[in-house]
Structure formats: structure tokens, C-alpha cells
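User: I'm new to reading protein models. Could you walk me through one, feature by feature?

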Amino acid sequence: MSAILDVQGLTISFPGMRGGFAPVRDVDFSVNRGETLCIVGESGCGKSLTALAVMGLLPQRAQRAARRLTFGGRDLQGLSEREMADIRGSRMSMIFQEPMTSLNPAYTIGEQLVETYLRHKKARRPEAVDRAVHLLERVGIPAATGRLRQYPHQLSGGLRQRIMIAMALMCGPDLIIADEPTTALDVTIQAQILHLLKSLQGQFHMGVILITHDLGIVARVATRVAVMYAGQVVETGTVNEVFAAPMHPYTQALMRCIPIPGRTRRGEHLGSIPGMVPTLVGDLGGCHFRNRCTYAHDACVGAEIPVRAIHDGRGYRCLREPDSHGLDGLLPDAHGGATHGIPA
Amino acid sequence: MTAACGIDAVLETRDVHCTFQVGAGFLKARRPLRAVSGVSLRLYKGESLGLVGESGCGKSTLARILLGLQAPTAGEVLIDGQPTGTLDQRAIAKRVQPIFQDPYSSLNPRKSVEDIVSLPLRVHGLGGPADWRRKVAEMLDLVRLPLRYRDSFPNQMSGGQRQRVAIARALVMRPEIVICDEPTSALDVSVQSQILNLLLDLQKDLGLTYLLISHNLAVVEHMANRVAVMYLGRIVEETDTESLFRTPRHPYTKALLASVLTPEPGLGVPDTQLGVGYPNPLEPPSGCAFHPRCASAMPTCSGVAPAPRCTGPDELVECHLYSDAAPRVA
């Protein structure tokens, strides 16, 4: 399986700002067709900037550097802004958190959908309109033809996010990057949107990068997971590997912070991570997590911690031995313990 | 008004309604929006009642009514059996305090932590500057915020620290009841757990009573001992947390629970089959408000609104599927 997107050694810095602010440091990941990579982390870990860097949408003053940044075998680093604009919205599209701010309030849904298609395809307007109606139906919007004449403010949040998905699909992209696509939505709508995204991914055989802070979404949606902390990817693996036996102390700590039915007992203390994320200025001299880590020792200070690879696609950025890890009884069996009382 | 379990409710609503007149558009007549329509709830001392529902179901309006910030259009709110209609806003504020979702907007950015936390004392004219200073130190200690933050401003603090300031402000009057409206929704996972732990400790130490409004059902399951589910202004199911999560009865509760993405790989994303949208509260569906989205809807559901059925003390379900249960005793 060849990766549709391959990123190695991605670093984003803002030169001159606060003495060399570098919010993303040496990030590696790849996405294959038909799979969902979830990038999970807390605010400020660099997950959104990573996505913007791939899309070529970083702010002007940001500097992007990478050992490798290829999309469909093509090196993105040498491309001009114009060439990048041809790819963006066509071969790779992005879905943002708040659909109200990413849709233009002054244009109808139809105009915005059609515009994307006409920008990238040699097509006439009626063909673009047909495609828009077709996709609105595919994303589950009833009375699609009528919706084309509506403005974003006339739609609910869930419908607007469906429109965004339809817009992302207009040109049949190879990769969709969704940055917290359901954070602003109710749980019921969240489940619907993610269900839709998963089924469309299968039908269109796309790669999907889903950026989220929600471990529940990761568990249910991801094929593979990249956990980010303070600008670095600290752990990667398949969703089952990462949830069954998290290797990095940060991943382990994060999983102890959330209430999990069947594991956490009502009213008992949840795990927490003391301390604060370091400021990502200059050389941090060692492990970024060491100040909050229960296992930190002298060796964690000094040189950058290398990624320890267990096998292809599974690795973690920590000096600890693999067999000393694992969280016994952290999570109930995927199909046993926690039933949550959810009716089948 | 004694409850079945023999404990008196510290806070109670009796058939509370709240209707807003909203403009439907340019040159159109204003129409009524029933944000809350007939809610009766009891909050017992020392418990945590979870209130869940989608946005627009009226849970925040209900919170504002309980805080005395919004007068109900009909029905009454009682604190320790005394109707709040007879109390003034300050008397209510002494007993009931809020913690809001967004510590970024609920704290005045121009005021120091000291000013923010001591404001309720100053408003109520309690003590002098020396007392305020002592009280603030006490409160910061209580929410485990180092004293050096006393002179800081909100923008110098992290989200978790700001939420601690908001909690300190809520507790400085030593209220008995705290209305937590999405207290951790704006926070990161690792910070959320710290705030939840703090809320649990404070409840134990100070004997607080919580109404916990949240869309995060995992949080509600962890924190609350009873849960009420709200849909379009009405409580459609109410029971203890254990039963609600183990054997949800109302089809809406079932759909809501099925939508929760627990961190269990391999289960995939459920297809909730709820239809595309929450109904427009200006045009509520006929009969049972949930029937257009309900998987178990029957012909009668579109015509007749189900009556609330009491199935035990403080246990209620409002659905035609359970019409054989005993009707609610008024």
C-alpha cells in the first residue's frame, strides 16, 4: 500500500517571534488510501498547524521545513502557490471545526459548491449544479435542489457541516483533512457526521486525516493514531495497539483522565496530568513531557529523545523499554467489560 | 411536598414554563418559543443531578430560571420549600450560584483575581477590605490555586486556572447549590479531569448540591447520581444514573446514549437513525415532540402528547410506550 501523503521531519517555526518559536518539531506520519489517521492531542500541541502545513495554508510569517512532504508521489515543497492552489480543494480538501466561519455568509450554498467545481474542473455550470445536488443527497440533505438557493445562516450546525463535507467532496479528492469537524455539534449530530464521513471514505476510497482531542472519536473512527504532545508526535500505532497498550507515558496519562464506563467508578477521582505544557521556544533539551512525567529521570534531559520503533507504523518517543509499559486493566475488553448499557 | 425518600428538596421546580416571544423575521408577527414547558424537578441536598439534552432543548434556560436570572412565565421555583417569587435576587444568589462553560468569557478581563472572587462579597456588603482579602485567600486555597495568582488577570492564566477562579467566585458566598452549566466543555481532557476531581472534592467537603448540565454523557455518568433527560423544553426521562445508562427507556434517551462514542476501539460509529435535525422550537411537532425522529413511533404519537408516567420515586418517563405505568401523581 503506497501512502497518499507522506510527511517526514515536518517542522514549523516562526522566526523572530519570541526567540524562535517552533510549535511543530520533527513530525512524521503517513496516510494511505482508505484509511483514517487520527491526530490526537490537547490544545497547543501543534495538530492543527500540522494540517495547515500540509494544505499549504500556514500564515505568511511561518516557516515550513520537512525532510519529505509528498502527496500522491509529488513533492509539495517545491510547488508554487498557484500549483498548490490547484491541488487544494481538488485533490485534497479540508473540513474545519466551525462551518459557519468557513462558509461565506454572503453567497448561497449552491454558488459556493459550484464555484469549487468550476475552479478545478473543465466543466459547465449545469454539470457542476448536478454534481452539487448529487453530493448534497449523498451527505443526507433532504430536498437538495431547494437547499442550493439557501444561505448558510438558514441552516442548522449539523446541516452546515454536511454542506462542508459535500463541498470537500466536489472534486473527488484523494485526501480529506478534517480538523475537529464535530466539536461544535451535539453528540447525536456528531455521531451522524462521523458515520457519514466513514461511509463516504469507504465509497470514495479516500485517505482521511481526522484531528481531534476526543479519545472517544479516535477509538471509533481511526485506523491508525498519532498522539501529539508539545509539537511532537509521541506515539503512533493502529487504534487497537494504542488503546490496548499505550506506550508513551503521556498517552497513558491521557487515557486515565477520561471517564470510561466499566473502568472508572462514579465519583472517584480521575487521573490527571500535573504541570503545564512547556513553551515551545528554542531547544527544549530532551523529552518535552519530562516535567509532567512520573517516570522522568536524568537521561530524559539533554539530547532529543529519538522515536523508538517497535515495528513499521508503531513507535513512541520515550527512553523506557517496551515491556515495562502497558496499562493492566486500563481499558475493558473492546467487546466485553464496558457495555455502557447501550441498547444494541 | 415531601419526597418519597423522606428528604426534602433543597431546590424544586413545579411545572415551570418559560416562553419567549421571538421575531420570526422582518414584518412577521412575533411567535412564542416555549423554551421550557412544564418542568418539575427536585434537587436533594448533597446530590448531583445531571441534566442532558441537545442544544436548544431548554437546559440553559432552566438553569437561568433556577438561578433567578430569568422569571418563569408560569409555575414556581422553591428553595427549601419557599417560593423564590417572594425572595429578592440577592437572597437567591446567596443560596444558588453558577459555574459557566467558558472561563474565557465569564471572567472580567479588566479585573484581577482578587476583585473577581471578592465581588459577590462586595455586592452583598459583607465585611470590609480585610475580610475580603482573607476570604479570597481562603477560596484560592480551596480551589487549589497558589496565592500568587491573587493579583493576576484572567488573560495571564490557563483555561483550567480560570475555571478554578470561576469556581472560587461561585463558592465565596458559601452557597448550598451550584448550577454547573457545561463546566468543562471548553477545557482540555487533562484539565477537565482536574476540574471534575475538584468539583467532587468540594461537594464532599462542603456538602454542595450540584445541578450538572452537560452534553458529555461520560462526564454526567461519572459525576451525577441522578439524571434528567430534556427534549424540546420537557423532561422526557428521569431516573438514577445507574438505571438510565443500563436500561434507558425513552427512545430519545436510547438514541442519545447510542450516540456516545466511548473510547472502545472496534465498535465503530453508530448509526443513530435520528434524522437530520433537531426540530425548530418555533414549530414544535404535534403530539409527542420526539415522534418525527423516533424509531419506535406509533400512529398515536403524532396526535397525542404522552403524559408523564411516574414509575417510582423521582422516576419518570414520558412516552406512549410506557403508558401502562402508573400516571404521575400531581
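Analyst: Gladly. Start with one helix. In helix 5 of chain B, the buried residues are B:Gly160, B:Gln161, B:Arg162, B:Gln163, B:Arg164, B:Val165, B:Ala166, B:Ile167, B:Ala168, B:Arg169, B:Ala170 and B:Leu171. Keep in mind that this is a predicted model.

User: How many residues of helix 5 of chain B are buried?

Analyst: The count is 12 of 13, so helix 5 of chain B is mostly covered, where buried means 20 or more other C-beta atoms within 10 Å. In general, an α-helix has 3.6 residues a turn, so residues three or four places apart point the same way.

User: What covers the buried residues of helix 5 of chain B?

Analyst: The cover includes two strands and three helices of chain B: strand 6 (96-99), strand 7 (177-181), helix 3 (113-123), helix 4 (129-142) and helix 6.

User: What span does helix 5 of chain B reach from its first C-alpha to its last?

Analyst: Helix 5 of chain B runs over residues 159-171 and reaches 18 Å. That is close to the 18 Å expected at 1.5 Å a residue.

User: Now a single residue. Why does B:Val113 count as buried?

Analyst: Count its neighbours. B:Val113 has 28 C-beta neighbours inside 10 Å, so it counts as buried. B:Val113 sits in helix 3 of chain B.

User: Which residues does B:Val113 touch, not counting those up to four places away in sequence?

Analyst: B:Val113 touches B:Tyr149, B:Arg150, B:Asp151, B:Ser152 and B:Val165. B:Val165 is also one of the buried residues of helix 5 of chain B. For a contrast in position, take B:Ala35: its C-alpha atom is separated by 35 Å from that of B:Val113, and the two are 78 residues apart along the chain.

User: How do I read strands?

Analyst: Strands of a sheet pair through backbone hydrogen bonds, either parallel or antiparallel. Here is a parallel case: strand 6 and strand 7 of chain B are joined by 4 bridges. B:Val96 has B:Ile177, in strand 7 of chain B, as its bridge partner.

User: Which way do the residues of strand 6 of chain B point?

Analyst: B:Val96 and B:Pro98 point one way, and B:Gln97 and B:Ile99 the other way. All of these are buried.

User: What is the order of the open sheet in chain B?

Analyst: Its 4 strands come in the order 2-1-4-5, with antiparallel pairing. The edge strands are strand 2 (30-44) and strand 5 (82-83) of chain B, each pairing on one side only. Inside the sheet, strand 1 (residues 9-23) and strand 4 (residues 74-79) of chain B pair over 5 bridges. As one example, B:Glu12 has B:Leu78 in strand 4 of chain B as its bridge partner.

User: Next, the core. Which residues touch the most other members of the largest nonpolar core?

Analyst: First the general idea: in soluble globular proteins, nonpolar side chains tend to be buried together. Here the largest nonpolar core has 190 residues, and those that touch the most other members are A:Ile177, A:Val218, B:Leu66, B:Ala168, B:Leu211, B:Leu212 and B:Val229. Helix 7 (residues 157-169) of chain A gives the largest share of this core, 8 residues. Take B:Leu66 as a case: beyond four places in sequence, B:Leu66 touches B:Leu11, B:Val77, B:Val96, B:Ile179 and B:Leu211.

User: How many residues of the two chains are in contact?

Analyst: 45 residues of chain B are in contact with 48 residues of chain A. On the chain B side, helix 6 (189-206), helix 7 (217-223), helix 8 (241-246) and helix 9 (251-259) of chain B give two or more residues each. Helix 6 of chain B gives the most, with 7 residues. By type, the chain B side divides into 22 nonpolar, 16 polar and 7 charged residues.

User: Last, whole chains. What radius of gyration does chain B have, and what would a compact globule have?

Analyst: Chain B has 21 Å, and a compact globule of 330 residues would have a value near 20 Å, so the two agree. The C-alpha trace of chain B spans about 65 × 55 × 55 Å along its principal axes. Chain B has 9 helices and 12 strands, and 49% of its residues count as buried.

User: And what are the helix and strand counts for chain A?

Analyst: Chain A has 11 helices and 13 strands. Of its 344 residues, 47% are buried. Its radius of gyration is 21 Å, in agreement with the compact globule value near 20 Å.

How values were computed:
Residues are numbered from 1 along each chain as its sequence is written. Chains are lettered from A and ligands numbered from 1 in the order in which they are written. This is a predicted model: local features need pLDDT of at least 70, side-chain atom pairs count only at pLDDT 80 or more; totals for chains, interfaces and linings use all residues. A nonpolar core is a set of buried Ala, Val, Leu, Ile, Met, Phe, Trp, Tyr and Cys residues joined through C-beta atoms within 7 Å. Two residues are in contact if their C-beta atoms, placed from the backbone, lie within 7 Å. Ala, Val, Leu, Ile, Met, Phe, Trp, Tyr, Cys and Pro count as nonpolar, Asp, Glu, Lys and Arg as charged, and the others, Gly among them, as polar. The expected span of a helix is 1.5 Å times one less than its number of residues. The radius of gyration is taken over C-alpha atoms; the globule rule is 2.2 Å times the number of residues to the power 0.38. Two strands pair if DSSP finds at least two bridges between them.
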